[in-house]
Amino acid sequence: MDDKFMLMIPGPTPVPESVLLAQAKHLIGHRSGEFSQIMADITENLKWLHQTQNDVLMVTASGTGAMEAGIINVLSSGDRVLVGSNGKFGDRWAKLCRAYGLQVDTVEAEWGKPLEPAAFQSALEADAAKSIKAVIVTHSETSAGVINDLEAIAQLVKAHGEALMVVDAVTSLGACSVPMDAWGLDVVASGSQKGYMVPPGLGFVAMSDRAWAAQKTSNLPKFYFDLAAYRKDGAKNTTPFTPPVSLFFALQVALKMMREEGLEAIFARHARLQQATRAAMTALNLPLFAADDCASPAVTAVMPQGVEAEQIRSTMRKRFDIALAGGQDHLKGKIFRVGHLGFVCDRDILTAVSALEATLASLGAEGFSPGAGLTAAQKVLSA
Ligand SMILES: *Cc1c(COP(=O)(O)O)cnc(C)c1O
């Protein structure tokens with residue numbers, strides 16, 4: 001039953017029907033006044049979502065492209081960067097930086113554990129020569145379901161005085177508060193297929209004044225992702241190259257929905273869905289991979305014992321048309337991940353938890369009482 005297909009992965013996330021339908025409209029010229037009006041509306045709402053007065057630019061790319069655009073516009077060859085890594089995405093930013101010849105130091109934590117702000121503090125305090133030009137952190141590390149303490153790390157970066165704070169907010173923006181201005185973030189990257197409730201294809205890069213100052217002297221190679229061109233044209237609500245017009249239609253509708261719900265309500269909904277999911281897993285005797293105090297609002301990673309994670313996933317997919325995410329790299333086959341990001345409501349969690357209980361029963365899992373997960377989730381959701 002393909003039409004019943006339910007995505008519970010951390011991206012692409014479910015897309016509301018009104019957003020899907022917006023993409024079916026006839027295209028319009030991207031040099032038209034009509035398009036500029038849409039772009040102006042979107043830009044204003046993007047600033048609202050980022051809680052910023054800074055520029056928020058759009059590029060045709062997935063989230064990785066948005067991160068790459070941010071990094072290559074503010075750094076120069078041979079610059080030293082400090083990259084936080086406690087999962088697949090942190091590792092990716094280290095690789096990306098090395099590909100551009102940057103000098104990469106890493107602050108690492110085990111997958112499932114948060115990055116320690118103290119480790120950034122000692123590295124930054126030891127840098128008397130101020131040679132560290134950027135600190136790069138994944139706010140919500142999707143591969144392990146961990147949220148890092150970005151606010152604390154950003155404060156340390158501010159105290160350093162030279163380094164820019166570059167953030168992957170791909171699965172935190174639209175799930176929890178990422179106040180760019182209040183926290184002093186310099187580059188914030190995200191992608192449309194996550195908290196935005198839009199199909200993949202648009203990347204977002206927000207840049208502070210300090211980031212623009214660094215951009216003036218940045219010498220890393222760039223052409224399509226030269227953000228100065230996006231800024232210049234963006235001031236006239238246009239784009240340097242042909243934008244994905246249908247995705248702009250979709251994004252306009254999705255952002256309007258977000259504004260109607262309100263930032264605080266969106267964050268509260270994600271917190272509630274996260275807590276209900278975690279309570280259900282615990283009640284089903286399924287160990288959570290990350291501790292409560294560092295749990296991502298977007299995705300819950302679970303490490304089942306005595307039942308194969310991949311068997312759970314394939315049964316959920318075949319019997320119930322529910323897609324869960326698997327583990328990545330060394331966690332492949334060891335964990336499954338439940339996405340609760342974007343267009344997700346209480347009903348989705350209750351459905352997924354009951355399907356999971358039926359799945360566990362059909363796989364002959366022991367040590368859980370059928371109904372316990374649902375009861376625990378309901379309790380959180382009705383509080
Ligand atoms: C999804 C995701 C990205 C972007 O991945 P793309 O496939 O390039 O869109 C980056 N960081 C995190 C933490 C993510 O979850």
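**View 1. Helix α4 and the shell around the ligand in the predicted model.** In this predicted model, α4 contributes three residues to the shell around the ligand, the most of any element. Both α3 (63-74) and α4 (88-99) supply at least two residues of this shell. The ligand is surrounded by 14 residues, and the closest are S62, T64, T142, D168 and K194. By residue class, the shell holds eight polar, three nonpolar and three charged residues.

**View 2. Polar atoms facing oxygen atoms of the ligand.** A polar side-chain atom of T64 is placed 2.5 Å from a ligand oxygen atom, and a polar side-chain atom of Q193 lies 2.7 Å from an oxygen atom of the ligand. From the backbone, a polar atom of G63 is 2.9 Å from a ligand oxygen atom. Of the 380 Å² of accessible area that the ligand has on its own, the protein covers 88%. The site that holds the ligand is the second largest pocket.

**View 3. The largest cavity.** With a volume of about 70 Å³, this is the largest cavity among three cavities of 30 Å³ or more. Its lining includes M58, V59, T60, L202, Y224 and F248, and strand β2 (residues 55-60) provides the largest share, three residues. The lining divides into nine nonpolar and three polar residues, with no charged residue.

**View 4. The second largest cavity.** The second largest cavity encloses about 40 Å³ of space and is lined by M281, M316, L324, F336, V338, A352, V353 and L356. Two or more of these lining residues come from each of β13 (336-339) and α13 (346-362), with α13 giving the largest share, three residues. The lining consists of eight nonpolar residues, with no polar and no charged ones.

Technical notes. Residues numbered from 1 in each chain as written. Predicted model: local features only at pLDDT ≥ 70, side-chain atom pairs only at ≥ 80, totals over all residues. Heavy atoms only, no water. Near = heavy atom within 4 Å. Polar contact = N/O pair within 3.5 Å; in protein donor to acceptor, adjacent residues only side chain to side chain. Areas by Shrake-Rupley, 256 points an atom, 1.4 Å probe, with all protein chains shown as cover. 1 Å grid on protein atoms, 1.4 Å probe; cavity = no way out; pocket = protein on both sides within 12 Å on 5 of 7 lines; lining within 4 Å. Sits in = over half its atoms within 2 Å of the grid points. Helix = DSSP H or I, 4+ residues; strand = E, 2+ residues; numbered from the N terminus. Nonpolar A, V, L, I, M, F, W, Y, C, P; charged D, E, K, R; others polar. Points joined across faces, edges and corners; volume = space filled by probe spheres on them.
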